[in-house]
Amino acid sequence: MPRAIWKGAISFGLVNVPVNLHSGSSENQLDLDLIDKRDYAPVGYRRVNKRTGKELAAADIVKGYEYSKGRYVVVSEEDMRQANVKATQTVDIFAFVQAAEVPPCYFERPYYLEPGKRGDKGYALLREVLERTGKVGLGSVVLHTRQHLALLIPVERMLLLNTVRYESEIRPRDELKLPGASLDKLGVSRKELEMAERLVEEMSERWDPARYHDTYREDLMARIKAKAKAGKTHELTAAEQPSEPRKTAQVIDLMALLKDSLDKRDTKGGGKQRATRTKARGKKRANASERKQARKRA
């Protein structure tokens, strides 16, 4: 685990829990350099003074805020720290909300929290309370000179800090052309709905993120390695023909696709399990019908 981004505390009410904050994600992007296509020489990034045109050393560059045209105030790292010492060292929890109430579009970036010195007891207590109540802490934290809204979420034995977007950062949805809520008006039949539910049941499984990986990046790296091995390091090769035709928008027969999907899963041995679930679902509906009839007779 790399060194902590900062060390501070979780604050809620009069309670302070010492914690260390670590980044919980990485971009994992392919590191591509810019090169000159004429001689394949690397293209560098120059930091120049726009007035003199001379290149600058990193030590000569500072951050400044333009308060009027062409006039700046230098903002140092110490200014950023001293602007609000408490905010830059504290995850300030001001409310607790139900986890299910926060729409996924608000989630931004995860960070790991570990207890700091003498923080184990308070850390474990807060984690357990959130787990038992099904709630998450809502608060604020300053990261990289910007104040974020954040959620404090219990994840197994850990407290996860997830920054969330402000409402002003979420684009409005009222201009989207979305289908109405009435399935009947959209022409969705009861049979199609039942088959879709069966397909979802057949494809349901436990969440296991280790099973999924960036296959595009792997395929691109394999192509790069193959070109290097073949000595094709200075020329582009012709694009290979795709193994499957590119999917295009078209009018679809929804019922046929659902049926084909279910039939395909039957050939993989899922038919027996589906039959068992279907039988159980039918028995459940029958029992519900009997109870309804009994209430009417009463």
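A residue is called buried when its relative accessible area is under 20%. The legends below describe a predicted model.

**Figure 1. Overview of the protein.** The secondary structure of this predicted model comes to 6 helices and 9 strands. The protein has 298 residues, and buried residues make up 19% of them. Its exposed surface is about 24600 Å², of which carbon and sulfur atoms supply 53%. Among contacts between residues at least 6 apart in sequence, 59% join residues at least 24 apart.

**Figure 2. Strand 9 and its enclosure by the rest of the structure.** Strand 9 spans residues 158-164. Because 6 of its 7 residues are buried, strand 9 is largely enclosed by the rest of the structure. Two pairings of this strand are shown in the next views.

**Figure 3. The pairing of strand 6 with strand 9.** Strand 6 covers residues 107-115 and runs antiparallel to strand 9. The two strands are joined by 6 bridges. Within this pairing, Leu160 of strand 9 has Tyr112 standing opposite.

**Figure 4. The hairpin of strand 8 and strand 9.** Strand 8, formed by residues 146-155, pairs with strand 9 in the antiparallel sense over 7 bridges. Thr163 in strand 9 is the bridge partner of Ala150. In the hairpin, 2 residues lie between the strands, and Glu156 takes a positive phi near 55°.

**Figure 5. The surroundings of Arg127 in helix 3.** Helix 3 comprises residues 120-133 and contains Arg127. Which side chain of opposite charge is nearest to Arg127? That side chain belongs to Glu128, which is 5.1 Å away. A salt bridge requires a side-chain nitrogen of Lys or Arg within 4 Å of a carboxyl oxygen of Asp or Glu. Arg127 has no salt bridge, yet this residue is buried. A polar atom of the Arg127 side chain does, however, lie 2.8 Å from the backbone oxygen of Arg157. Leaving aside residues up to four places away in sequence, Arg127 touches Pro154, Glu156, Arg157, Met158 and Leu159.

**Figure 6. Glu169 in the loop between strand 9 and helix 4.** Helix 4, which bounds this loop together with strand 9, consists of residues 190-202. Is Glu169 buried or partly exposed? Glu169 has a relative accessible area of 35%, so this residue is partly exposed. The side chain of Glu169 makes a polar contact of 2.6 Å with the side chain of Arg146. Tyr106 is 63 residues from Glu169 in sequence, and their C-alpha atoms are 8.8 Å apart in space.

Key: Residues numbered from 1 in each chain as written. Predicted model: local features only at pLDDT ≥ 70, side-chain atom pairs only at ≥ 80, totals over all residues. Heavy atoms only, no water. Helix = DSSP H or I, 4+ residues; strand = E, 2+ residues; numbered from the N terminus. Buried < 20%, exposed > 50% of the residue type's maximum accessible area, 1.4 Å probe, protein only. Lys, Arg positive; Asp, Glu negative; His and termini not counted. Polar contact = N/O pair within 3.5 Å; in protein donor to acceptor, adjacent residues only side chain to side chain. Contact = heavy atoms within 4.5 Å. Pairing = 2+ DSSP bridges. Areas by Shrake-Rupley, 256 points an atom, 1.4 Å probe, with all protein chains shown as cover.
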